[in-house]
Number of protein chains: 2
Amino acid sequence: MTINKRLQNKAINTIRFLSADGVQTANSGHPGLPMGTAAIAYTIWKRHLKINPSNPNWLDRDRFILSGGHGSMLLYSLLYLSGYDLPLDELKNFRQWGSKTPGHPEYGLTPGIEATTGPLGQGFANGVGMAIAEAHQAAIFNKSGFKIIDHYTYVIVTDGDLMEGVTSEAASLAGHLKLSKLIYLYDDNRISIEGSTDITFTEDRAARFKAYGWHVEHVKDGNNVDEIDLAINNAKADPRPSLIICKTVIGYGLPTKQGTAAAHGAPPGVDELRKAKQNMNWPTDVDFFVPDEVLSHFREIKTDGGKAELEWQASFVKYKKENSKLADELTRRFSRELPARWEENLTYFETDEKGMATRKSSGAVMNTIAESIPEIVGGSADLAPSNNTWLKSSTAFQSDNPSGRNIHFGVRENGMGSIVNGLAYHGGMLPYGATFLVFSDYMRPAVRISALSHLQTIWIYTHDSIGLGEDGPTHQPIEHLASLRAIPNLSVIRPSDANEVREAWISAIKKRSGPTALIFSRQNLPTIDRSKFASAEGLHKGAYVIAELGENRPDIILMASGSEVQLIIGAGQKLAEEGYGVRMVSFPCWDLFEKQSQAYIDSVLDPSVSARLSVEAGIGLGWEKWVGDKGAILSIETFGASAPGNKLFKEYGFTVENVYRTVKKLLGKGSE
Amino acid sequence: MTINKRLQNKAINTIRFLSADGVQTANSGHPGLPMGTAAIAYTIWKRHLKINPSNPNWLDRDRFILSGGHGSMLLYSLLYLSGYDLPLDELKNFRQWGSKTPGHPEYGLTPGIEATTGPLGQGFANGVGMAIAEAHQAAIFNKSGFKIIDHYTYVIVTDGDLMEGVTSEAASLAGHLKLSKLIYLYDDNRISIEGSTDITFTEDRAARFKAYGWHVEHVKDGNNVDEIDLAINNAKADPRPSLIICKTVIGYGLPTKQGTAAAHGAPPGVDELRKAKQNMNWPTDVDFFVPDEVLSHFREIKTDGGKAELEWQASFVKYKKENSKLADELTRRFSRELPARWEENLTYFETDEKGMATRKSSGAVMNTIAESIPEIVGGSADLAPSNNTWLKSSTAFQSDNPSGRNIHFGVRENGMGSIVNGLAYHGGMLPYGATFLVFSDYMRPAVRISALSHLQTIWIYTHDSIGLGEDGPTHQPIEHLASLRAIPNLSVIRPSDANEVREAWISAIKKRSGPTALIFSRQNLPTIDRSKFASAEGLHKGAYVIAELGENRPDIILMASGSEVQLIIGAGQKLAEEGYGVRMVSFPCWDLFEKQSQAYIDSVLDPSVSARLSVEAGIGLGWEKWVGDKGAILSIETFGASAPGNKLFKEYGFTVENVYRTVKKLLGKGSE
């Protein structure tokens, strides 16, 4: 064995035992993946990955994702060894309260973590988003002599990732788009939690990925650095995305557990681990052992990476001389500053009784905004004509047209969600994804992670109630407003007319550290006369008094979101004619409202007025909070039905007349 | 053209124009699919499908699913023509209030509809569940000389279906399981809503399905009955599941729209439709035209099907003579009667301070129940050892062991959900699917459809809160209890100890027309002393007073579900020692509680007691309904964190001490 090989093996074993020690010390975690893929990770990080541990945000770095996030100790070991700001003590504190080494990697918490992974398949699809971002930015910013944007996305994926449907969706799209800078290394250990993959996963994975249009390589020995290295070089040379299938042994080195499901998700045990160390001539008297020469070997990544970034910076200075506007623009995009005056040209919609669908006004508003903010890129899961999400000033993103800003995601909602997250993780992008509201169910795993990871992603959901009509209950969201509101850190905004749509978009653009779900109608909604009613800017407070009729303290507070605001306005006017004091509240967004001062909240929902009615064409879950014990909720507690939308609104009681009647009953009851 | 071919063409055009007239009359719907696949549907229904329109429930019928449910007029045309109880007037009433012909097919509403489809990919995966049911029942019930169970599942699938990840999951499993009686016909029209499939779906679909282990056939002309017929015969002869890729023209016959996205989802228009009829020599003076000879031709399906069932019945009589127990058992399973005395052997769990995880008591209870109810079949998405869902008295369902009752679903949650639905649709099964609660997000589309279709499916979700500990926020459900409760007709039950687990299972088994989600803890929970506290049978009412301390009207009502019930018991006892009157309510299931009489509800949540506290380790959304304006909610409104579970319970305030303090504050406030 040459000295080099000896050191290499030592380095790989360092990864193995740091990871195993982390798991054993926490008495919780997954040793199998890190021990089985240590050589793969070593090869990527030491021979290929272009990173600068001193600056985790260098924009032209390669991206690395561990899609099987349960193997997080692999990542933490690599981050520590290569010199990121993650001390060894953090590894010793694995999975403990307040540590930077949680059970699954969390974006934003630990320097060098590029994506929050764990729910399987998400990391796979995030990588596709990152590669789209790279290709797109390269097309826009690279100029003759300057490859300012030129990086790879490496992803380690597992059996579980490959079984998940979201992976299939993303892989099919990646193949179609010929994302050549995607290099995936598949930890083919043939073991899942229930046992050998023979029990459920016997498809020909290589053939499947070839069918998607991927380049597929085989590595017979996942511990052979040179073999892995060669496969990566072949992948780099191929114009397609690459899957490198590496035969590995789960929990490699554990004397009785390696190669079995027992190595997957439980600490190896003190004895087992000691024997593993003995077999590999590793010291057993100390945990978290890092040989000095190994640390130096890994820390070369830091020095080399620092140099690489310096070279890039030097090149960028030259680039800037010749392309100053582009250079400034690139810097701006990655600094997450919005362009100056992006709000200036936004449409004010004139009063219009007939009005328009909020999905249509959204299309108009987003097109105007997208002209000012060129990093807005996204698309629909094959519903762009219905979602009104096509950016007219641009073209489709395709392999022969990577500067296009419209992505045809296909009928792949979950893949779209995770790819949009990947665009956001990459940086320099403001991505969106669209579908019907009811199909937000298909992409819920991705939406949840966008909220958890504080990503600015914009989810556009149209056809927002039974108002969509004839398509019937399979397509009519009933519980979706409530179930989206349930996700922490996700703002759910359902505007009532075109002018609230404009403000909703402004809110989504301004929320720089979290996702927004914009909820739009299929059917026309009147554009409210803002000379008589309050300004739509009230939307930014979540709820606002859109009108108050009567001179004294209101007898009743009516509140509604979206298409139902017109119903409370109609009923309110009728009640006012009878002499009632009526306050009408447009209530497009709960979480914005909850963030207001108590004084503001009380100014809208006057605590002394207990007669309150909420009107929303969905389940009532949670409206109790706003209407209180003496209030009432006009809602839909069953699934919808197939019929024209206006017929359904009548049958389900969403009419001015029924709102009026409900209020009268409520007031009658209140005066008993 | 022979007379036969002439009639055949006429029959196919009848399907086309009935469908197009339905859409045009409704001025809403999707003509493209029915017009493009009319010949495919004709070939299946007229030459292959074993059905008896007079008895849609004949248990050995072939199953037919239209996975692209938007083409529902195809189905309604076929049902009417072949003589199901669906009059022509219903077709004229397509997509109208109260009709049996909704926009997307709905199981249970229209005779002959085998599955609710529309959300793409679901029908594809339902078929896999049906084929598993067929193979399983065949293995159990068929005896030498008697193929009592012997039917195919035919599914028409679309581009959209094949793009969805749920399809990939189900297809991979179907290939692994060698479900030879699955015959899928792919409407390869190369058109999606955003345009040609060239823009996003260019993978080699035949190669992909071959990689899954499927047999693939090509039909060059999707209007050629003989070619389709031959492909189906080849599919029947092959031991693998089959995909028949049929080249079709969307909206075939529409002079300007055929072959374009314009034919997909909008009425053709009166002129366009008239010209189409003219071109095909179809009468234009009358809509919904059905030539007499065509009706007779199709109605042969009814006479032939009646005969086929009679023959089967005759064979069944003979079978019964030789296998009377089996015959009775088959009849019982399909009649949806539970076996006698299935509840008898259920475990009563002894008081135990240490207790056990509810996922463990669930494993014990379900194993006992499953011994009495042999139609219980299911599995986990690769988490059986963690979910405790393995049926120990049986083996794994595999191609060489189809009588096994444990399905290894693999890491395929959405596929699992839809396959479980397919098992339920098929009949004679009581299926379940399991994963971690947080991953219910991955299978939400299937869970929603189980609720919409009134299927008795049992969803088992373990690791139900931050109590799961170190795996951290990606794995910790926070919003999932709320978001599942939001689905109409889904019972969400979160038992507090082993004895409530038993009752929860009884409740799920007895709910014969809808799904139940059973929510279990990862961590140990004490088994409550039921000699001192109320019987766990109170669970069936959704919420019940588990203990009341103090002699007068309670000062406070404490309520909790699952692992938090022990906290309110602890705090309640402490408060009682100080002289407070305390009522403690175990609240495992909202929807069961909502179904109780107002008198019962008031007996639990005494309206005169306004000091109320709910304690649940998840978001508070909706608890306002139960605690009222003067109550308080102890909840988690952010994501979780990675640390040991008991540490997290402390940090998030879920301790007896903090419940106690919160009550004191609440009572103090209440007395201001």
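Here is a walk through some helices, strands and single residues of chains A and B in a predicted model.

A few ground rules: residues are numbered from 1 along each chain as its sequence is written, and chains are lettered from A and ligands numbered from 1 in the order in which they are written. Because this is a prediction, local features need pLDDT of at least 70 and side-chain atom pairs count only at pLDDT 80 or more, while totals for chains, interfaces and linings use all residues; side-chain values use heavy atoms, with hydrogens and water left out.

Let's start in chain A with helix H15 (residues 413-426), which packs with helix H16 (residues 444-452) at an angle of about 25°, their axes 7 Å apart. Helices (H or I, at least four residues) and strands (E, at least two) are DSSP runs, numbered from the N terminus. Axes here are lines fitted to C-alpha atoms, for helices over the stretch in contact, and angles run from 0 to 180 degrees between N-to-C directions. H15(A) and H16(A) therefore count as roughly parallel, since that label covers angles under 35 degrees, with over 145 being roughly antiparallel, 65 to 115 roughly perpendicular and the rest oblique. On the H15(A) side the contact (heavy atoms within 4.5 Å) uses Asn414(A), Gly417(A), Ser418(A), Asn421(A) and Tyr425(A), and on the H16(A) side Pro445(A), Ala446(A), Ile449(A) and Ser450(A). Sorted by class, that's four nonpolar, five polar and no charged residues. In this scheme Ala, Val, Leu, Ile, Met, Phe, Trp, Tyr, Cys and Pro are nonpolar, Asp, Glu, Lys and Arg are charged, and the others, Gly among them, are polar.

H15(A) also meets helix H7 (residues 165-177) of chain A: their axes come within 8 Å and cross at roughly 70°. That makes H7(A) roughly perpendicular to H15(A). Here Val166(A), Glu169(A), Ala170(A) and Leu173(A) of H7(A) face Glu413(A), Asn414(A), Gly415(A), Ser418(A) and Ile419(A) of H15(A). The mix in this contact is four nonpolar, three polar and two charged residues.

Still in chain A, look at strand E6 (residues 215-219), where four of the five residues are buried. Buried means under 20% relative accessible area, exposed over 50% and partly exposed in between (1.4 Å probe, protein chains only). Five bridges join E6(A) to strand E7 (residues 242-247) of chain A, and the two run parallel; strands pair if DSSP finds at least two bridges between them. Glu217(A) sits opposite Ile244(A) in E7(A).

Further along, His540(A) lies in the loop between strand E15 (524-527) and strand E16 (544-549) of chain A. At 27% relative accessibility, His540(A) counts as partly exposed. Leaving out residues up to four places away in sequence, His540(A) touches Glu503(A), Ile506(A), Ser507(A), Leu592(A) and Gln596(A).

Now over to chain B, and an open sheet of five strands in the order E16-E18-E17-E19-E20, with mixed pairing. Its edge strands are E16 (544-549) and E20 (632-634) of chain B, each pairing on one side only. Neighbouring strands are turned by 20° against each other on average, direction ignored. Within the sheet, strand E17 (residues 556-560) and strand E18 (residues 582-586) of chain B pair in the parallel sense over five bridges, with Leu558(B) opposite Met584(B) in E18(B). Helix H19 (residues 565-577) of chain B packs on the sheet, touching E16, E17, E18 and strand E19 (612-615) of chain B, and its direction makes about 170° with that of E18(B).

Another chain B helix to look at is H12 (residues 324-335). Its end C-alpha atoms are 16 Å apart, which agrees with the 16 Å expected for 12 residues at 1.5 Å a residue, the span being 1.5 Å times one less than the number of residues. Its buried residues are Ala327(B), Glu329(B), Leu330(B), Arg332(B) and Arg333(B), and they pack against helix H5 (122-141) and helix H11 (292-322) of chain B. Right after H12(B) comes Arg336(B), with a positive phi near 65°.

Finally, try Thr474(B), in the loop between strand E12 (458-462) and helix H17 (480-485) of chain B. At 4% relative accessibility, Thr474(B) counts as buried. Not counting residues up to four places away in sequence, Thr474(B) touches His104(A), Thr116(A), Thr117(A), Pro119(A), Arg448(A), Leu452(A), Val438(B) and Phe439(B).
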